[in-house]
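Please walk through this structure step by step, from a local backbone detail to the chain as a whole.

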Amino acid sequence: MNQHRSKTKSQVWVLENSQVRSRLDQLATEEPLEIRLTSPQKTVAVTMRTPGADFELAAGFLYSEGVVRHRDDIQRISYCVDANRDGQQRYNIVNVALREELTPDLQPLERHFFTTSACGICGKASLEALRLRGCPVMSDSLEVSTEVIYSLSEQLRSAQSVFSTTGGIHAAGLFNTQGELLSLQEDVGRHNALDKLVGSALLTNQLPLSDRIVMVSGRSSFEILQKCLMARVPIVCAVSAPSSLAVTLAREFGITLVGFLRGKRFNVYSGKERISSLCDHG
């Protein structure tokens, strides 16, 4: 992530023990990003995001929505060039050129006119939609130790460089089954952070993520689980609670869902058979 653009300075007044002082504070930058397809020419989404990894965000969004399925479906990703401003790049508009032979169904994207960073670019709030996409149930062959799960939250927190100075940004981390942090993305929207993570994997030909673990800050929602399902992530962990629909999705499609992962404590809502010390418990 571009550290300069991801943070913005602001003057604040601090009240402490009845004493007032002024200082400069660092805020997580929040700006709109418009995602456009070049053929057909169409804006498919506008989201409030933290600048940085914009191409990965666009690629991850298009993948999670089923517009693209393979790295080769994307020919080129670029920032928009404004002909009226001496060819200057507009860093809040990303153009995506798809493979010429690709004719994606864009009707499901009609709902993506504008979303807030709190919501992210939300997926279909319907399990039936995922069934119609033909998403298969996850294989349960993967197994990890409790100690690996314990290690994830501190690793995620320690690697959050923008959070350490702003205190106001989400993260999504990708881990292997030994608990090694492979990749991390930050954004004011937790859904955007995950799209950046998945998009990075897509653009580097690492999908599917069938032998990986994803850890997100905050809570796990239906949209978080949907994006992980599309990327074939078998184990999803979160610092806070899951929503009821997230649990329903995880159970239906065989995802291990862990919540309230803090230090050496966590809850398992689905797929306990993938965690070695829980395999024999009813």
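Which residue takes a positive phi just after helix 7? In this predicted model, the residue is R232, with a phi of about 65°. R232 is not a glycine, and its place is in the loop that runs from helix 7 to strand 10 (235-238). With a relative accessibility of 17%, R232 counts as buried, because the cut-off for buried is under 20%.

The helix that precedes this loop is also covered. Helix 7 spans residues 222-230, and nine of its nine residues are buried. Among them are the charged-letter positions E223 and K227, together with F222, I224, L225 and M230.

A second non-glycine residue with a positive phi is A53, at about 55°. A53 sits in the loop between strand 4 (41-49) and helix 2 (54-64). Its relative accessible area is 18%, so A53 is buried. Another backbone feature is the cis peptide bond between L207 and P208, where omega is about 0°. P208 belongs to the loop that links helix 6 (190-203) to strand 9 (213-216).

The next region is the loop between strand 11 (256-259) and strand 12 (267-270), where L261 is placed. The unreviewed UniProt entry lists F260, L261, R262, G263, K264 and R265 under "binding site". How buried or exposed is L261? Its relative accessible area is 0%, and L261 is therefore buried. Beyond its neighbours within four places in sequence, L261 has contacts with I149, Y150, L152 and S153, with M215, with C237, A238 and V239, and with F266. R265 lies in the loop between strand 11 and strand 12 as well. Leaving out residues up to four places away in sequence, R265 touches Y150 and F260. Y150 thus appears in the contacts of L261 and in those of R265.

From there, turn to helix 8 (residues 244-253), which contains V247. V247 has a relative accessibility of 11% and so counts as buried. Which residues does V247 touch, apart from those up to four places away in sequence? They are P242, L257 and Y269. The C-alpha atom of V247 is also separated by 6.9 Å from that of S270, a residue 23 positions apart from V247 along the chain.

These details can now be set against the whole chain. The protein chain has eight helices and 12 strands. It has 282 residues, of which 50% count as buried. Among contacts with a separation of 6 or more, 56% join residues 24 or more positions apart. The chain exposes about 13200 Å², and carbon and sulfur atoms supply 47% of that area.

Finally, there is the matter of confidence. The pLDDT of the protein chain averages 86, and 85% of the residues score at least 70. Over residues 120-125, however, the pLDDT is below 50, although this stretch has 29 contacts in the model beyond near neighbours in sequence.

Conventions
Residues are numbered from 1 along each chain as its sequence is written. This is a predicted model: local features need pLDDT of at least 70, side-chain atom pairs count only at pLDDT 80 or more; totals for chains, interfaces and linings use all residues. Side-chain values use heavy atoms; hydrogens and water are left out. Helices (H or I, at least four residues) and strands (E, at least two) are DSSP runs, numbered from the N terminus. Buried means under 20% relative accessible area, exposed over 50%, partly exposed in between (1.4 Å probe, protein chains only). Contact means heavy atoms within 4.5 Å. Accessible areas come from the Shrake-Rupley method with a 1.4 Å probe; for residues, only the protein chains shown count as cover. pLDDT is the predictor's confidence in each residue, from 0 to 100. UniProt positions are given in the numbering used here, feature names are shortened, and annotations may be inferred rather than shown by experiment.
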